[in-house]
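Thanks, everyone, for making the time. I would like to take you through one model this morning, so please have the viewer open before I begin.

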Amino acid sequence: MYRALSMLVEAHHAEFLQDDLDYLKDAREYFHRFVDEVAPLVERMTNQVITILSAKNQELVAEMAKRTKDLMAKLMMKGLELSKLTFTMDKLEVRPTSSTAV
């Protein structure tokens, strides 16, 4: 997933730079808050450390997967808008051919 995100950002680096920097900044802040929340839990419960860390790790992974997928969807939409190969179906005009004209 993170390799796919890297590929998306690389394709239009200049246009996606701020979105990417915002994502990284938010992720770092989330990680720091997460560690600040989990560390005291682990210190107090020595016999349940593995259980607590496993549950918290699953929370962390789920949250980062959601954030990453949201960013990827946003960048894909922006990328489609930047692409010179996209077109609007509304602008497509259908003309009758000479064989169908009466």
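I will start with the overall make-up and then turn to one helix.

What you see is a predicted model, and the protein in it has 3 helices and 0 strands, so that, read from the N terminus, its elements run α-α-α. Of its 102 residues, 22% are buried, and the accessible surface comes to about 8400 Å², with 60% of that belonging to carbon and sulfur atoms. If we take the contacts with a separation of 6 or more, 71% of them are accounted for by residues 24 or more positions apart.

Now to helix α2, which covers residues 13-44. With 32 residues at 1.5 Å a residue, α2 should span 46 Å, and because its end C-alpha atoms lie 45 Å apart, the expected and modelled values agree. That said, α2 does bend, by about 30 degrees, at aspartate 19, and Asp19 is itself among the buried residues of this helix, together with Phe16, Asp20, Tyr23, Ala27, Tyr30, Phe34, Val38 and Val42.

What do the buried residues of α2 pack against? They pack against α1, residues 2-11, and against α3, residues 49-82.

Let me finish with leucine 24, which is also placed in helix α2. Its relative accessibility is 30%, and since partly exposed covers the range between the buried limit of 20% and the exposed limit of 50%, leucine 24 counts as partly exposed. Together with Leu17 and Leu21, Leu24 makes a nonpolar surface patch of about 210 Å².

Methods. Residues numbered from 1 in each chain as written. Predicted model: local features only at pLDDT ≥ 70, side-chain atom pairs only at ≥ 80, totals over all residues. Heavy atoms only, no water. Helix = DSSP H or I, 4+ residues; strand = E, 2+ residues; numbered from the N terminus. Expected span 1.5 Å × (residues − 1). Bend = angle between axes of the 7 residues up to and from the residue. Buried < 20%, exposed > 50% of the residue type's maximum accessible area, 1.4 Å probe, protein only. Contact = heavy atoms within 4.5 Å. Patch = residues over 30% accessible without salt bridge, like charges linked within 9 Å, V, L, I, M, F, W, Y side chains within 5 Å. Areas by Shrake-Rupley, 256 points an atom, 1.4 Å probe, with all protein chains shown as cover. Salt bridge = Lys/Arg side-chain N within 4 Å of Asp/Glu carboxyl O.
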